[in-house]
Amino acid sequence: MQFGRGTAPTLTGRYEADIARRLLGALLFLVLAGAGLAQALAQPVPGGKVDSRKDRPRTDLQWLQAIQAAAEHMNYSGTIIYQQGEEVRTSRLVHVFDGNESRERLQPLDGQLREFIRRADEVQCLMPESRRIVIERRLSRDAFPAITSADPALILQHYTVSVGGTERVAGVECQVINIEPKDRMRYGYRLWVDRSSGLLLRAVTLNERNEILEQMAFAEIQTGPRVDRTQLKPSWSTDGWHIERTQQSVIDLAQQGWHVTPPAGFRRLNEVMRSLWGSTAERKVMQAVFTDGLASVSVFIEPSPADAVTEAAQSKGPTSVYARRMADARVTVVGEVPMATVKSVARSIEFRPPR
């Protein structure tokens, strides 16, 4: 589960970008497609509670549906704490749904001054020190406090969901939901969900030994009409700032000669040609994104410098990165999955010159 992308295949830069992507609640990964949503949940009320079934039991599927619906259709604002090992970061998130589209503003409170403003699928990254705005379209909606961009029924094919006890998070009574993988190709999760609305307030990623790899949680939160829409405005006047639009176009990797075999349960979300944030020159990279509904894996393919290393691998928290050189290209696989999974994806890649 998942702020914007950094410069292409430098491994260290991947982690900074991944931390940011995880906090944004929308940069990378299609509103819930489950056909049974209308039957499973009450009709969402813009700015209010999505459901009032606090004392009515939900099925496993309904819990997953409720989390996604609340993340998209509720109004909420609060302070999010992100922790990975000894690293702790804090951000301020405001989310508003007007009955038609959602808008969002994320303020990282640590590190460089940055703000992220999202309207529907368009995300603006504001960089005050260089007076720049970088605009990009997000690829999906699976970032905290959302968990999935897929039909939740598909998740149950590769994960086991069980309901635990109740605990308080940010002063709210929450239901604990355990999500365990059915194989070693993915991680497990523990979720704390507002029993009334279905809004996700805390999420923990666990490895095969049940150790915490990372966690995100609201330290405090407001919902409904108490959310001030003026908080969606940027902190600075952006008059005269330079605007850059990240260019990306849909492609077919196979037509370019590249063939990728994802792990079982991972479906192809999209394939694009794009330039990554931070590129100082016109640098085009092919990207394919795969997801199983909870975890995601991205494959980047770009021309390889002559002095590029033949192989490199790093892990940090739940993020695994594996890069290898293939002919005249560098292939980098990044995912919130075990290292064995990204390596299997990278080693499945073949190049067959198109006819």
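1. Strand 5 and strand 6 make a hairpin in which four residues separate the two strands, and R131 in the turn has a positive phi of about 50 degrees. The model is a predicted one. Strand 5 covers residues 122–127 and pairs with strand 6 in the antiparallel sense, over six bridges. Within that pairing, C125 has V134 of strand 6 as its bridge partner.

2. Strand 6 also pairs with strand 12 (residues 242–245), here in the parallel sense and over four bridges. V134 appears again in this pairing, where V134 stands opposite E244 of strand 12. As background, the strands of a sheet pair through backbone hydrogen bonds, and the pairing can be parallel or antiparallel.

3. Some overall figures follow. The protein contains five helices and 21 strands. Of its 355 residues, 57% are buried. The protein exposes about 15,000 Å², and carbon and sulfur atoms supply 49% of that area.

4. Next, the seven-stranded sheet. The sheet is open, its strands run in the order 13-15-16-17-20-19-18, and the pairing is antiparallel. Strand 13 (248–250) and strand 18 (311–316) are the edge strands, each pairing on one side only. On average, and with direction ignored, neighbouring strands of this sheet are turned by 20 degrees against each other.

5. At the strand 13 edge, the partner is strand 15 (residues 267–274), joined in the antiparallel sense over three bridges. Q248 stands opposite R274 of strand 15 in this pairing. Strand 15 in turn pairs with strand 16 in the antiparallel sense over seven bridges. There, R268 has F290 of strand 16 as its bridge partner.

6. Strand 16 (residues 285–291) deserves its own point. Seven of its seven residues are buried. V285, Q287, V289 and T291 point one way from the strand, M286, A288 and F290 point the other way, and all of them are buried. Strand 16 pairs with strand 17 in the antiparallel sense over six bridges, and F290 stands opposite V297 of strand 17. The two strands form a hairpin with four residues between them, in which G293 takes a positive phi near 105 degrees.

7. What packs on the sheet? Helix 5 (residues 339–348) does, touching strand 17 (296–303), strand 18, strand 19 (319–326) and strand 20 (329–335). The direction of helix 5 makes about 25 degrees with that of strand 19. The buried residues of helix 5 are M339, T341, V342, V345, A346 and S348. These buried residues pack against strand 14 (258–259), strand 17, strand 18, strand 19, strand 20 and strand 21 (350–351). In an α-helix there are 3.6 residues a turn, so residues three or four places apart point the same way.

8. On aromatic contacts, the structure holds five aromatic pairs. One of them joins Y76 and F218: the ring centres are 6.4 Å apart and the planes lie at 85 degrees, over the cut-off of 60, so the pair counts as edge-to-face. Y76 belongs to strand 1 (residues 76–84) and F218 to strand 11 (residues 212–223), so this pair links distant parts of the chain, 142 residues apart. Y76 counts as buried because its relative accessibility is 1%, under the 20% cut-off. F218 is buried too, with a relative accessible area of 2%.

9. F218 has a further aromatic partner in F144: this pair is tilted, at 5.5 Å centre to centre and 35 degrees between the planes. F144 lies in the loop between strand 6 (132–137) and helix 4 (152–155) while F218 is in strand 11, so the pair ties together parts that are 74 residues apart in sequence. F144, at 1% relative accessibility, counts as buried. Through these ring pairs, Y76, F144 and F218 are linked into a cluster.

10. Finally, charges over rings. The charged end of R58 sits over the ring of W63, at 4.6 Å from the ring centre. The charged end of R202 sits over the ring of W192, at 4.1 Å from the ring centre.

Terms used
Residues are numbered from 1 along each chain as its sequence is written. This is a predicted model: local features need pLDDT of at least 70, side-chain atom pairs count only at pLDDT 80 or more; totals for chains, interfaces and linings use all residues. Side-chain values use heavy atoms; hydrogens and water are left out. Two strands pair if DSSP finds at least two bridges between them. Axes are lines fitted to C-alpha atoms, for helices over the stretch in contact, and angles run from 0 to 180 degrees between N-to-C directions. Contact means heavy atoms within 4.5 Å. Buried means under 20% relative accessible area, exposed over 50%, partly exposed in between (1.4 Å probe, protein chains only). Accessible areas come from the Shrake-Rupley method with a 1.4 Å probe; for residues, only the protein chains shown count as cover. Rings of Phe, Tyr and Trp (its six-membered ring) pair if their centres lie within 6.5 Å; planes under 30 degrees apart count as stacked, over 60 as edge-to-face and the rest as tilted. A charge sits over a ring if NZ of Lys or CZ of Arg is within 6 Å of the ring centre and within 35 degrees of the ring normal.
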